[in-house]
Amino acid sequence: MKQSLSFDTDTLKPLMTDDFVLGIATSSYQIEGATTAGGRTDSVWDTFCRKPGNIADQSTGEVACDHYQHWQEDVALLVELGVEVYRFSISWSRVFPDDSGVVNEEGLSFYRRLAEALRSHGIRPMVTLHHWDLPQYLQDRGGWQNRDTALRFAEYAAAVATGLGSSVDFYTTINEPWCIVHLGHRTGVHAPGLRDQGAAVAATHHLLLAHGLAMQALRERAPSAELGIVLNGGPSYPYSESNADAEAASILESEQIHRFAAPILSGHYPQDFQSQVATYMRPGDLETIAAPCDYLGWNYYTRNLVKPGENGVPEIVTGQDYPLTEMGWEVYPEGLREVISILREHYDVPPLYVSENGAAFEDQLDGETVHDPDRFHYIQRHLQVITDMVQSGVDIRGYICWTLLDNFEWAEGCSKRFGLVHVDFDTQERVIKDSGKAYANLNADKARIMASPREKRIDCAR
Ligand code: GCO
């Protein structure tokens, strides 16, 4: 018999409060499937997946976890896991399947039903408006290189906020704009598959503008929701002791963190980017981008080891100093503390959510379960770092694990499993892994603590 895994609730006590939530995340293209159902049209990812060689195992998001059909079963899993927050994203081309500006009610009502079902179970919906699946018809008109896409995004944000009304607790405008810029427009390993430095600069500004414009639209229509954006990244380390690697690491830090955090949190672009971005800027843009956020989501998986790559683009290489996940990413929980320190050193940071963190490992379905101690330990170690930070006064309001289901992991296809729940992609059978059971127990412990009289709780936290 394998020993069951359990989080050390005692050491995680500082997280067992009303001011901290435990949740789990997914994204539309990675789980929904049903890419032509209910009026949905192609996103850039549908197009990208069709091109041979783009996806490691030739899979696509066409079926993925078929969450579009299985959503009620998936809500039941969330209930079983006992999470307080479910972070999911909306497929823009389900809501606006074409450029007519007419909302596809069938698309929007899928998410309304989902949000209402979550609420009825006491789970707070955190809705991401854009998790990379830009409608293809917008890409055909230049996508994020075109300023008009930012305006279309604000209209889409307004339509979602109007349609979902007060059933959503948190809105996130955009997930990981750096990935869209770097992987989608510079290295071409993600949709739309461009390798164009100029396109990347234009996309940076237009994504940020889209965020700012959407914040205005959301504020007006969802005044009681908390609004923010999700950025990502880790601390950047030089791969070797060479000066060139040190410079590449500092360039990456600037590109990944400051190019996005500085305009949002301080209303200016970093000096080293100002002349490049100037062509795309219009008066008032920076004020729009710097609209106050109620929170900042930060996605953290690993640190970056960096050396100079082609055409001056910093290249992230696989490290050898720490154990690796299946993605080839070092397990380095300290990097979370480091990256949050960088942010706090430079900016006036709003309340933070660790909005994604998790790991892919090679899982084996063993009868009725999956023994995944590595994933469990990964999560536990990161929760421990968060606990230490909270204790030392950092305003972190939640931990949202990536991810509910094994799913379509972008260019890696269905070959990399990040889920707390195992998915058989042939039968769509879901099986909660050991890590998921441990997370469920942690959430149950938290619920018990929260239900106990307040005096007792305060006592326990000491
Ligand atoms: C990401 C995305 C997720 C990924 C996860 C693992 O933020 O990169 O939000 O969609 O699946 O990070 O790579």
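**Ligand site, a salt bridge and backbone exceptions**

An oxygen atom of the ligand lies 3.0 Å from an N or O atom in the side chain of Y301; a polar contact is a pair of N or O atoms within 3.5 Å. The model is predicted: local features need pLDDT of at least 70, side-chain atom pairs count only at pLDDT 80 or more, and totals for chains, interfaces and linings use all residues. Residues are numbered from 1 along each chain as its sequence is written, and side-chain values use heavy atoms, without hydrogens and water.

**Exercise 1.** Describe the surroundings of the ligand.

Step 1. Add the other polar contacts: a ligand oxygen is 2.8 Å from a side-chain N or O atom of H131, and for W402 the corresponding distance is 3.3 Å. The ligand taken alone exposes 310 Å², of which the protein buries 95% (Shrake-Rupley method, 1.4 Å probe).

Step 2. Take the shell, meaning residues with a heavy atom within 4 Å. Of its 13 residues, Q30, H131, E176, E356 and E409 come nearest.

Step 3. Sort the shell by class: six residues are nonpolar, four polar and three charged. Here Asp, Glu, Lys and Arg count as charged.

**Exercise 2.** Which residue forms a salt bridge with R87, and where do the two lie?

Step 1. Apply the rule: a side-chain nitrogen of Lys or Arg within 4 Å of a carboxyl oxygen of Asp or Glu. The count comes to 31 salt bridges.

Step 2. Find the partner: R87 pairs with E356, the closest N and O atoms being 2.8 Å apart.

Step 3. Place both residues: R87 is in strand 2 (residues 85-89) and E356 in strand 10 (residues 352-356), so the pair links parts of the chain 269 residues apart. Helices (H or I, at least four residues) and strands (E, at least two) are DSSP runs numbered from the N terminus.

**Exercise 3.** Locate two cis peptide bonds and one positive phi.

Step 1. A191 and P192 are joined by a cis bond with omega about 5°; P192 lies in the loop between helix 8 (177-186) and helix 9 (197-221).

Step 2. From W402 to T403 the bond is cis, with omega near 20°. T403 is in the loop between strand 13 (396-402) and strand 14 (421-423).

Step 3. A34, a residue other than glycine, has a positive phi near 45°. The loop between helix 1 (28-31) and helix 2 (44-50) holds A34.

Note on methods: A polar contact is a pair of N or O atoms within 3.5 Å; within protein, one must be able to donate a hydrogen and the other to accept it, and residues adjacent in sequence count only if both atoms are side-chain atoms.
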